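Student: Before we look, could you take me through how the terms used for a fold are justified one by one?
Tutor: Gladly; let us set each term against its criterion.

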Amino acid sequence: MALSNLADFTAHSGQCYAQHGHSSKFFPPVQLTILSQSTSTWTEDHLHQIALLGAPIEEGTGRRGCVMGPAAYRTAGLREELEALGFDVADLGDAQPDPALDVPEHDPKLKHLRKVAGWTRSLARHAETLAMGPQLPIYMGGDHALALGTLAGHAAAAARIGRPLFVLWLDAHSDFNTFESTVSGNLHGTPLAFACGLPGFDVVMGEPLRHRLDPANLCLLGLRSVDPPERQMIKDLGVTAHDMRAIDETGIARLLAPFLERCAAANGLLHVSLDVDFIDPDIAPAVGTTVPGGVTFREAHLVMEMLHDSGLVTSLDLVELNPFLDDRGRTARLMVDLTASLFGRRIMDRPTRSF
Ligand SMILES: [Mn+2]
């Protein structure tokens, strides 16, 4: 049912484009498969229970402040907004990193390797446990290095459940550096290379990663800063990657819909990783890695609304919020609003909020 909505929605968008007289070069007729029914087997309980877990890691970036992220989401009312939508929300507090004493504390190239490894082990364990339980987890970061842990944990859970894991990466960056290719040494640029099982990461878990993400089940959206080695890896692995030009030319809904259909057709679990820098820094300034030309307010909400309509999302990362760089909580509130959209709020149901 949800997927029919998605297809209807996209077909409808196509009509709107046609009415506005856009050239068919960029807006070809939509030919989406309309699935007869949702293939989700998630229980009713799962749809109504959410767990919030703070992951105050900031060692993956070159800049301090993400440690305050979970507190900012709480201050901005994430829990209350989700409760207002009818969810039963449990705030589990903040996770802590494992000691990871087997990992070198100082590496000449990789910054805070032991701390990042400790967070990865801890969050992988928490994520696997949460994924097997009745609640849908939201990880409140913290920088994007937290996704080394959440991706590992959700990949492990997916293997146990016997369903494929799909990942939607909403980010200006592709985060596909290996420990060898990284120039900055900031490990928040590495989670996708780690999760896809590229070589050189064994030190993180103290063993090879047991459950990998299939690069074919990954979609990157919003790209505008990709290092040359990352570009090569994305190409070699055949990852679906849409940059801002593709969004400008094609429209974000038409890029996202086929990925959601593939996930639904495969009965996949969908992990969404939302980086603040996906959004244009003019409206989301609280991030250490601003890149001009990000998605607009409406494009970001549209993605969230489509995700809600799809009924596919089973876990969510909120990453890279640096409250130290925010403008009176504006970015934290926007991230909370986007999360509320993902869980069913329509922005037209709300009083207009001016900035
Ligand atoms: Mn990122």
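**Strands and their partners**

Tutor: In this predicted model, strand 7 and strand 8 run parallel and are joined by six bridges.

Student: What makes strand 7 and strand 8 a pair?

Tutor: Pairing requires at least two bridges between the strands, and six bridges join strand 7 to strand 8, so the criterion is met. In one of these contacts, His271 has Ser315 in strand 8 as its bridge partner.

Student: Why is the β-α-β crossover between strand 7 and strand 8 called right-handed?

Tutor: The chain passes from strand 7 through helix 12, residues 297–310, to strand 8. With the strands pointing away from the viewer, a clockwise path over the helix is what earns the name, and this crossover is right-handed.

Student: How do you know that strand 8 is largely enclosed by the rest of the structure?

Tutor: A residue is buried if 20 or more other C-beta atoms lie within 10 Å of its own; seven of the seven residues of strand 8 (residues 313–319) are buried, so the strand is largely enclosed.

Student: How many bridges join strand 3 to strand 8?

Tutor: Three bridges join these parallel strands, which satisfies the requirement of at least two; Ile138 stands opposite Leu316 in strand 8.

Student: What makes strand 2 and strand 6 edge strands?

Tutor: The open sheet has eight strands in the order 2-1-3-8-7-4-5-6, with parallel pairing. Strand 2 (88–94) and strand 6 (240–243) each pair on one side only, and are therefore its edges.

How values were computed: Residues numbered from 1 in each chain as written. Predicted model: local features only at pLDDT ≥ 70, side-chain atom pairs only at ≥ 80, totals over all residues. Helix = DSSP H or I, 4+ residues; strand = E, 2+ residues; numbered from the N terminus. Buried ≥ 20, exposed ≤ 12 C-beta atoms within 10 Å, placed from the backbone.
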